[in-house]
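Reader: Hello! I would love a close look at one part of this structure, told as one connected account that moves from a single residue out to its surroundings. Could you walk me through it?

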Amino acid sequence: MNDKPDSDNSKYVEEAKKRIKEQLSLDDFIRKLVSMESETKKAENTLFKALFDTYFLYFPEAADLIRDKEAFISALSKGVKRDEISSYLGISADSMGYNLSDSDLSAITDSFNQLVGLSGLRTMIELKIGSILEENYINLFKVAGPDIAAKLISLSGSLKNLSEMPSGKLQVLGAEKSIFGGKKARTPKYGVIFFHPEIQAASDKLKGRIARVVASKTSLAAKVDFFSKEDKSGLILKKMRKEVDKIKNGT
Amino acid sequence: MELKRVMDNVCWAFDGRKRLVSLNLTPSKQVYGEELFEFQGKEYREWNPFRSKMSAALYKGARPLELKEGDTVLYLGASSGTTVSHVSDIISNGGKVYAVEISEEMGVNLVLLSEIRKNIFPIIGDARKVGELGMAVTSCDFLYQDIAQRDQTDIFIKNVSKFLKRGGQAAIALKTKSIDVSADTRRIVDREVKKISEHFKILASIDLYPYQKGHSLIIIKKG
């Protein structure tokens, strides 16, 4: 039946290992970092919510003033006790909240330190992604910005896929839910590029048309990064600026 | 506990509930966190229908596949090797499973598995071009395909024509969402079954719900 039966699989295992080694790339690392960043962010938010609720039990009057995560972190870093935080916020240390002893408060302090750690970790990962992109994909980095560029690479799988993608598809990457969600939803105008500053700055009416320009220039940037690696971002950004202004001026 | 044979090295185990199990080729080693248990001095691995479409088909009442100890199997779309490991249990040390997977990331697990299970022959490559992947074997006793591609049926027909021996069985796990996201699942299955039936005899077409959503397993025989 077999013309040349393989006696054992070692040849195949070696060959497969070789191919895997060849095929794994920087884009795979970027994808993993992007997912690590989003998971870290989720963990950070989950812990923040739980910790906030616990703190609310202890000192609701203060917690009410620092519902925002950043504000919460900067306030509690001055100390978690009522007298410490009340002087920072300029409120009375009297509270209707449940009194906690110093040793009970350590649960809050420890969780807070973890939250600060997670927050720092996320910032570190974001910076790492940014520096990798700046070093390797300068056009995409400048035109789309590090966050969007990383997400686009992650969603498309690789820079190669992204560079081969029509800009209309790039425009809606990340909006798969609303594309395939059903027949009632209209075709989306933007996916992850929605957070691009040009689109954010545009009025609601023009967002769709500007998204098209941003997608087309981002696609161009991906192509330049993939095929030539030269820094043409200045030129691409200038073109984008011109086209965006044209739309905004209604010409 | 009581065992009832299904296929070579595969049984239904009854211990309060009915579970599909396969004889563990590498005792004490798990592949994907499945449960291991001993019965009469032999170790078995649970074959989870939520993880493996082949198992789901048996749970949904498929007749035992013509897949035996010592067989040579061509497995397209091996992924990380969950189902492949059970095929490896079935064909045992005398058999060979050529496991083709295109994604290098999934391939890593497959290669790690192949180092423990010597009857798995991993190939990192495209199922559309099996002939070009440097596989020494040109004919197999059983062919299984589980790839989520739009042209999965054509790939299946091509590979069965080329590699499956006459009279052999093959199965394809059809993912309808890959063919058309918006069309009706049953219509797609009917259409694909018709397409396959122009070439081979259809033995069964099994909807894998609720174990696997939007998947059907189609079993054929090559005349």
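Author: Let's start with Thr40(A), which, leaving aside neighbours within four places in sequence, is in contact with Leu118(A), Leu121(A), Arg122(A) and Ile125(A). This is a predicted model, so please read every value here as computed from it. Thr40(A) lies in helix α2 of chain A, and with a relative accessibility of 8% it counts as buried. Its side chain also reaches back along the chain, to the backbone oxygen of Met36(A) at 2.5 Å.

Glu37(A) is a good companion to look at next, as it too lies in helix α2 of chain A. Although Glu37(A) carries a carboxyl group, its relative accessibility is 11%, and it counts as buried because the cut-off is under 20%. Setting aside residues up to four places away in sequence, Glu37(A) touches Arg122(A), Ile125(A), Glu126(A) and Ile129(A). Arg122(A) and Ile125(A) are thus on the contact lists of both Thr40(A) and Glu37(A). In sequence Glu37(A) is 86 residues away from Thr123(A), yet their C-alpha atoms are 8.6 Å apart in space.

Further along, Asn45(A) is also found in helix α2 of chain A. Asn45(A) is partly exposed, with a relative accessible area of 32%. From C-alpha to C-alpha, Asn45(A) is 9.6 Å from Leu118(A), with their positions 73 residues apart in sequence. Leu118(A) is also one of the residues that Thr40(A) contacts.

Now for the nonpolar side of chain A. The largest nonpolar core has 40 residues, and those touching the most other members are Ile30(A), Leu133(A), Leu140(A), Leu152(A), Leu162(A), Ile193(A) and Ile210(A). Helix α2 (26-58) of chain A is among the elements that each supply at least two residues of this core, together with α6 (102-136), α7 (138-144), α8 (146-156), α9 (159-164), α13 (204-227) and α14 (233-248). The largest share, nine residues, comes from α13(A).

Next, the other chain. Lys32(A) meets Glu105(B) in a salt bridge between their side chains, at 2.6 Å from N to O. That pair is part of a network of salt bridges that links Asp28(A), Arg31(A), Lys32(A) and Glu105(B). A second link, between Lys17(A) and Glu115(B), has its closest N and O atoms 2.7 Å apart. Lys17(A) sits in helix α1 (residues 10-23) of chain A and Glu115(B) in helix α3 of chain B, so this pair joins two chains. Both partners are partly exposed: Lys17(A) has a relative accessible area of 33%, and Glu115(B) one of 32%. The count between chain B and chain A is three salt bridges, while over all chains it comes to 33.

Here is the contact as a whole. Chain B gives 29 residues to it and chain A gives 21. Together the chains bury about 2,000 Å², with 57% of that on carbon and sulfur atoms. Nine residue pairs are in polar contact between chain B and chain A, both residues being at pLDDT 80 or more. On the side of chain B that touches chain A, the elements giving two or more residues are β7 (96-101), α3 (104-116) and β8 (120-124) of chain B. Of these, α3(B) provides the largest share, seven residues. By class, that side of chain B has 13 nonpolar, eight polar and eight charged residues.

Finally, a look inside chain B. All ten of the ten residues of helix α2 (residues 82-91) of chain B are buried, so the helix is largely enclosed by the rest of the structure. Asp89(B) is one of these buried residues, with a relative accessibility of 2%. Its side chain meets that of Arg45(B) in a salt bridge, at 2.5 Å from N to O. Arg45(B) lies in strand β5 (residues 42-46) of chain B and Asp89(B) in helix α2 of chain B, so the pair ties together parts that are 44 residues apart in sequence. Arg45(B) is buried as well, with a relative accessible area of 0%. Just after α2(B) comes Ser92(B), whose phi is positive, near 60°.

Terms used: Residues are numbered from 1 along each chain as its sequence is written. Chains are lettered from A and ligands numbered from 1 in the order in which they are written. This is a predicted model: local features need pLDDT of at least 70, side-chain atom pairs count only at pLDDT 80 or more; totals for chains, interfaces and linings use all residues. Side-chain values use heavy atoms; hydrogens and water are left out. Contact means heavy atoms within 4.5 Å. Buried area is the accessible area (1.4 Å probe) that two parts lose on being put together, summed over both. A salt bridge is a side-chain nitrogen of Lys or Arg within 4 Å of a carboxyl oxygen of Asp or Glu. A polar contact is a pair of N or O atoms within 3.5 Å; within protein, one must be able to donate a hydrogen and the other to accept it, and residues adjacent in sequence count only if both atoms are side-chain atoms. Helices (H or I, at least four residues) and strands (E, at least two) are DSSP runs, numbered from the N terminus. Ala, Val, Leu, Ile, Met, Phe, Trp, Tyr, Cys and Pro count as nonpolar, Asp, Glu, Lys and Arg as charged, and the others, Gly among them, as polar. Buried means under 20% relative accessible area, exposed over 50%, partly exposed in between (1.4 Å probe, protein chains only). A nonpolar core is a set of buried Ala, Val, Leu, Ile, Met, Phe, Trp, Tyr and Cys residues joined through side-chain atoms within 4.5 Å.
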